[in-house]
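Trainee: I'd like a close look at one part of this model, the nonpolar core. Please take it slowly and set it against the rest of the chain.

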Amino acid sequence: MTICLGDVDDPLEGVTSTDVEDGPLTVTVDNVLDTTATGVQVMTYRATDSDGNTVINTRTYVVTSVDESVIIGTEYVIFASDFTRRVGLVDTSSSAIIEAAKGRTYKIADGSLSETTVITTNGYTAVPGVYEITLAPTAELDTKITVSATVVTGNLPVINITPTV
């Protein structure tokens with residue numbers, strides 16, 4: 001299930017449990033859905049009948065933001081964002097590209113972070129221009145996300161602060 005950053009959702013909406021002997025059962029949720037940060041969360045649901053038999057089920061939530069792209073694969077979800085770098089600050093190493101793109105991969109099964117890989121850079125270098133960069137979960141290379149890396153010229157702005165007495 002996909003939900004936007006900051007949205008409110010009732011994790012019990014659409015969740016029911018019934019038992020042949022007891023009829024409808026009360027369902028509880030083990031954790032709280034946090035929509036203050038993007039990522040993958042797995043909610044755990046429980047219901048127990050009068051004989052003490054407990055059933056457990058899960059629902060995976062993908063919390064997204066309008067500021068980043070997300071691709072949901074078979075076993076992994078990958079997030080990334082377009083980014084801009086000045087000519088003198090371009091680092092073409094895979095780790096720097098993943099960090100600049102805010103690339104993150106999560107396992108759908110449990111919401112844990114997993115490794116992200118750079119698939120293509122299309123010549124990303126310290127030359128002004130726009131470069132399409134493709135990332136993927138290391139364990140699921142068919143689930144790809146493409147972001148734009150823009151390299152610009154110019155100096156960084158400077159802030160001057162005059163001491164006050």
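Mentor: Let's fix one term before anything else: a residue is buried if its relative accessible area is under 20%, exposed if it is over 50%, and partly exposed in between. On that scale, 36% of the 165 residues in the protein are buried. Keep in mind that you're looking at a predicted model.

A quick look at the whole helps before we zoom in. The protein has one helix and 14 strands. Its radius of gyration is 22 Å, well over the 15 Å that the globule rule gives for 165 residues, so the protein is more spread out than a compact globule. You can see that in the box filled by the C-alpha atoms, which is roughly 75 × 55 × 20 Å along the principal axes. The accessible surface comes to about 9900 Å², and 51% of that belongs to carbon and sulfur atoms. As for contacts with a separation of 6 or more, 49% are between residues 24 or more positions apart.

Now to your core. In soluble globular proteins, nonpolar side chains tend to be buried together. Here the largest nonpolar core has 17 residues, and Phe-83, Tyr-124, Ile-133 and Leu-135 have the most contacts inside it. The elements that give two or more residues to this core are strand 8, helix 1, strand 13 (129–137) and strand 14 (145–152). Strand 14 brings the largest share, four residues. There's also a second, separate core of nine residues, with Met-43, Ala-47, Tyr-61 and Val-63 among them.

Two of those well-connected residues deserve a closer look, Phe-83 and Tyr-124. Both Phe-83 and Tyr-124 are buried. A pair of aromatic rings is described by the distance of the centres and the angle of the planes. The ring centres of Phe-83 and Tyr-124 are 5.9 Å apart and the planes stand at 80 degrees; over 60 degrees counts as edge-to-face, so that is what this pair is. Phe-83 sits in strand 9 (residues 83–86) and Tyr-124 in the loop between strand 12 and strand 13, so the pair ties together parts that are 41 residues apart in sequence. Ring pairs also bring in Tyr-131, which makes a cluster with Phe-83 and Tyr-124.

The count of aromatic pairs comes to three. One of them is Phe-79 with Tyr-106, again edge-to-face, at 5.7 Å centre to centre and 85 degrees between the planes. Phe-79 is in strand 8 and Tyr-106 in strand 10, 27 residues apart, so to speak a link between distant parts of the chain. Phe-79 and Tyr-106 are both buried.

Strand 8 gives residues to the core, and its pairing is worth following. Strands of a sheet pair through backbone hydrogen bonds, either parallel or antiparallel. Strand 7 (residues 69–72) and strand 8 (residues 76–80) run antiparallel and are joined by four bridges. They form a hairpin with three residues between them, and Ile-72 stands opposite Val-77 in strand 8.

Helix 1 (residues 94–100) is another contributor to the core. Not every residue of a contributing element has to be buried: Ser-94, in helix 1, is partly exposed at 43% relative accessible area. The C-alpha atom of Ser-94 is separated by 30 Å from that of Met-1, 93 residues away along the chain.

Then there are two loop residues with odd backbones. Most residues other than glycine have a negative phi. Lys-102, in the loop between helix 1 and strand 10 (104–107), has a positive phi near 55 degrees. Asn-122, in the loop between strand 12 (116–120) and strand 13, has a positive phi of about 50 degrees. Lys-102 is exposed at 55% relative accessible area, and Asn-122 counts as exposed at 53%. Compare Asn-122 with Tyr-124, which is in the loop between strand 12 and strand 13 but is buried.

Last, a glance at another sheet. An open sheet of four strands has the order 1-6-5-4 with mixed pairing, and strand 1 (2–4) and strand 4 (28–29) are the edges, each pairing on one side only. Strand 5 (residues 39–48) and strand 6 (residues 54–64) run antiparallel, joined by 10 bridges, and Thr-48 has Thr-54 in strand 6 as its bridge partner.

Methods:
Residues are numbered from 1 along each chain as its sequence is written. This is a predicted model: local features need pLDDT of at least 70, side-chain atom pairs count only at pLDDT 80 or more; totals for chains, interfaces and linings use all residues. Side-chain values use heavy atoms; hydrogens and water are left out. Buried means under 20% relative accessible area, exposed over 50%, partly exposed in between (1.4 Å probe, protein chains only). Two strands pair if DSSP finds at least two bridges between them. A nonpolar core is a set of buried Ala, Val, Leu, Ile, Met, Phe, Trp, Tyr and Cys residues joined through side-chain atoms within 4.5 Å. The radius of gyration is taken over C-alpha atoms; the globule rule is 2.2 Å times the number of residues to the power 0.38. Contact means heavy atoms within 4.5 Å. Accessible areas come from the Shrake-Rupley method with a 1.4 Å probe; for residues, only the protein chains shown count as cover. Rings of Phe, Tyr and Trp (its six-membered ring) pair if their centres lie within 6.5 Å; planes under 30 degrees apart count as stacked, over 60 as edge-to-face and the rest as tilted.
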